Amino acid sequence: SEILTRLNLHSRSYAVMTMHRAVNVDDEIRLKQLLKFVDNVEVEKIIFPVHPRTKRILSKIEIPKKIITIEPIGDIDMVKLTKESLLVLTDSGGLQKEAFWLSVPCITLREETEWLETVELGWNVLYKDYKGIESFAKKTAYPFGDGRAGKRIAQVISDM
């Protein structure tokens, strides 16, 4: 991916944001509240690939200057953009988990998350609980063991 070069970005110098859920983007008041929250997060630049659903309402409101909107991007560019970011802000369940696996702190722009382990392990926080970028505990990105389960299973089968 050449996304960082195309956007003139350096690793860990920006955040990446996505928002597409109806609860967040179909209500102008809610979207303005979330953008106000995002504007107060301690990053200088937020790259925002804008979902078509979100684009319709964004054209009607003022966007904070630190938010740089771009057209939607493909998976490879999104993974690269996420991996090299300082922080992820999203209402996407998938991107929360991807940020976790890529060891990038995430602020979930929702009232709840289905990925409780990402919160318990300190890599993810609901926006209403956010206390600052230094508050991420970042304990581990491996909640399901040490990655050697397959080898152990093969050994048990071999020993039988």
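A search of the whole structure, which is a predicted model, finds nine salt bridges. One of these joins the side chains of D77 and R6, with a distance of 2.7 Å from N to O. The two partners come from distant parts of the chain: D77 sits in helix 5 (residues 75–83) and R6 in helix 1, with their positions 71 residues apart in sequence. Their surroundings can be compared through their accessibility. D77 has a relative accessibility of 16% and counts as buried, because the cut-off for that class is under 20%. R6, in contrast, is exposed, with a relative accessible area of 51%.

A further salt bridge is formed by R53 and D26, whose closest N and O atoms are 2.6 Å apart. R53 belongs to helix 4, whereas D26 belongs to the loop between helix 2 (22–25) and helix 3 (28–39), so this pair ties together parts of the chain that are 27 residues apart in sequence. R53 counts as partly exposed at 29% relative accessibility, and D26 is also classed as partly exposed, at 45%.

R110 and E114 make another such pair, with 2.7 Å between the closest N and O atoms. Here E114 is partly exposed at 39% relative accessibility, while R110 is buried, with a relative accessible area of 10%. Salt bridges that share partners also join R30, E111 and K128 into one network. As a general point, side chains of opposite charge can pair when their charged atoms come close.

With these pairs in place, the overall layout is a helpful next step. The secondary structure of the chain comes to eight helices and six strands. Read from the N terminus, the elements follow the order α-β-α-α-β-α-β-α-β-α-β-α-β-α. The C-alpha trace spans about 65 × 35 × 30 Å along its principal axes. The chain has 160 residues, of which 45% count as buried. Among contacts between residues at least 6 apart in sequence, 54% join residues at least 24 apart. The accessible surface comes to about 9,300 Å², and carbon and sulfur atoms account for 54% of that area.

One part of this layout can be followed strand by strand. Strand 2 (residues 46–49) and strand 3 (residues 67–70) run parallel and are joined by four bridges. Within this pairing, F48 has T69 of strand 3 as its bridge partner. Between the two strands the chain passes through helix 4 (residues 52–58), and the resulting β-α-β crossover is right-handed.

Helix 4, the helix that holds R53, is also home to T54. Is T54 buried or exposed? T54 is buried, with a relative accessible area of 0%. Beyond its neighbours within four places in sequence, T54 is in contact with M19, H20, V25 and F48. F48 thus appears in two settings, as a contact of T54 and as the bridge partner of T69.

Attention now turns to the loop between helix 1 (3–6) and strand 1 (15–18), where N8 lies. Phi of N8 is near 55°, a positive value in a residue other than glycine. N8 counts as exposed, at 58% relative accessibility. The loop between helix 1 and strand 1 also contains R12. R12 likewise has a positive phi, near 60°, and is a residue other than glycine. At 41% relative accessibility, R12 counts as partly exposed.

The last feature concerns the surface. Which residues form a nonpolar patch there? The patch is made of I153, V156, I157 and M160, which together have about 480 Å² of accessible area. I157 is part of helix 8 (residues 149–159). With a relative accessible area of 56%, I157 is exposed, because the cut-off for that class is over 50%. This places I157 in the opposite class to T54, which is buried at 0%.

Notes: Residues numbered from 1 in each chain as written. Predicted model: local features only at pLDDT ≥ 70, side-chain atom pairs only at ≥ 80, totals over all residues. Heavy atoms only, no water. Pairing = 2+ DSSP bridges. Right-handed = clockwise from strand over helix to strand, strands pointing away. Patch = residues over 30% accessible without salt bridge, like charges linked within 9 Å, V, L, I, M, F, W, Y side chains within 5 Å. Areas by Shrake-Rupley, 256 points an atom, 1.4 Å probe, with all protein chains shown as cover. Salt bridge = Lys/Arg side-chain N within 4 Å of Asp/Glu carboxyl O. Buried < 20%, exposed > 50% of the residue type's maximum accessible area, 1.4 Å probe, protein only. Contact = heavy atoms within 4.5 Å.
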